[in-house]
Amino acid sequence: MDADASIRSTDNDAAVARLSAVQKRYLDDPFIKHLVPRAHLQPLRPPLINVGTFVRSYAIDDLTTQWLEESGKLNQPCQIVSLGSGSDTRFWRIATGPLKENLATYVEIDFPEITTKKAMAIRKSRELSSVLGTPADVTLSQGSTALHAPKYHLLPNDLRLPPAETMEHLFMIPSPSTETSILSSSLPTLLIFECVLAYMLPETSSRLLEWFVTQFSKSSAPSGGVLGCVVYEMFGLGDTFGRVMVNNLKTRNISIPGAEPFLTLDSLSQRFIGSGFTAAHALTLRDIRKTYVDRAESERISTLELLDELEELDLVLNHYAISWGLFLSNPPHGSSWSHWGLKKQEK
Ligand SMILES: C[S@@+](CC[C@H](N)C(=O)[O-])C[C@H]1O[C@@H](n2cnc3c(N)ncnc32)[C@H](O)[C@@H]1O
């Protein structure tokens, strides 16, 4: 397998882990089974992996929900761009949930091999395609590597390519009269990189983040450009456990140059600040599980499976982090956004 095929294979790992967490009732997601081939034959993952999948998903869902809620309060529907989206189902969960009216556009980007597979799965599944609109609303383009619907766009791209040469063009879709951009820098926009940046060089991911900041710094919205970004990935790999993780991935021909330089939580926040974001935070999954998950939810998941390796769980969760950054081109006007972030739960 070439190196990129190995990177793409991680999509199946993420999807199978999600499916397992759903089957074990950690997560509620009626859509994932339509995106995993032979879903009923997939093995369940161990409790430790299920808990990790739950915490990762809980935190990203929380940040996304807050983004949609704030957009609703300000009467500005938002845009969400998921980069390296793989088989993620977040669009379908939002589009069938109580905040769907607050969403203007959802864009997913991945390698063409992955978007082609996802577009086919969407076309094959009534449950997935009916959420996108009527059949006439849904079109394939670029040799079936791209799919467009009124609020949803699935686009093929290698995120390592120079964004100045690829991104603007990627977001332009031909309409009957003229080319229009799918994204508007006037609307609050959330970028999601869920387990993606680890696979590319840090300078490549910074260049991508900087490109988005530049677009939103030119926003013509009266209150200025508002850009948020959530990143989930491994970090702190300098210790023995971290080196084992890196070596395990190497045996699958997967390297993670984008995780290895990030040894501390602070370095994850600094990546945002160095790319032009105005505020940034980072937390380990261990801290999120202990202090940031709603208490009733924590109690509920603690009853699902017997988890006797708590030390090992802490060790693993301590090597994964959620970080989030905010860019406001006009901070005084956008100040209500500064509350966006994971919140500690009452004891
Ligand atoms: C571990 S999977 C995560 C998928 C999804 N974000 C999730 O959390 O379920 C990583 C995804 O990133 C995609 N990816 C990695 N590097 C990429 C690149 N340079 N360009 C486009 N997609 C990339 C892979 O193809 C894969 O779908």
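Before I turn to the residues, let me fix one term: a residue is called buried here when its relative accessible area is under 20%. Please also keep in mind that what you have in front of you is a predicted model.

With that cut-off, we can take Asp158, which has a relative accessible area of 18% and therefore counts as buried. Asp158 sits in the loop that runs between strand S5, residues 152-156, and helix H6, residues 163-170, and its side chain makes a polar contact of 2.8 Å with the side chain of Arg160.

Now, why look at Asp158 at all? The UniProt record, in an unreviewed entry, places the feature "binding site" at Arg56, Gly84, Asp158, Leu159 and Glu194. These positions span 139 residues in sequence, and the farthest two of their C-alpha atoms are 24.3 Å apart, so they do not all gather at one spot. Even so, Arg56, Gly84, Asp158, Leu159 and Glu194 are included in the lining of the largest pocket.

Let me move on to another residue from that list, Glu194, which belongs to strand S8, residues 189-194. Is Glu194 buried or exposed? Its relative accessible area is 17%, so by the cut-off I gave at the start Glu194 is buried.

As for its surroundings, if we leave aside residues up to four places away in sequence, Glu194 touches Arg56, Ile60, Leu83, Gly84, Asp88, Arg90 and Tyr232. Two of these names, Arg56 and Gly84, also appear in the UniProt feature, and with Arg56 there is a polar contact of 2.8 Å between the side chains.

How values were computed: Residues are numbered from 1 along each chain as its sequence is written. This is a predicted model: local features need pLDDT of at least 70, side-chain atom pairs count only at pLDDT 80 or more; totals for chains, interfaces and linings use all residues. Side-chain values use heavy atoms; hydrogens and water are left out. UniProt positions are given in the numbering used here, feature names are shortened, and annotations may be inferred rather than shown by experiment. On a 1 Å grid over the protein atoms alone, a cavity is a set of points where a 1.4 Å probe fits but cannot get out, and a pocket is an open set with protein on both sides within 12 Å along at least five of seven lines; lining residues have an atom within 4 Å of a point. Helices (H or I, at least four residues) and strands (E, at least two) are DSSP runs, numbered from the N terminus. Buried means under 20% relative accessible area, exposed over 50%, partly exposed in between (1.4 Å probe, protein chains only). A polar contact is a pair of N or O atoms within 3.5 Å; within protein, one must be able to donate a hydrogen and the other to accept it, and residues adjacent in sequence count only if both atoms are side-chain atoms. Contact means heavy atoms within 4.5 Å.
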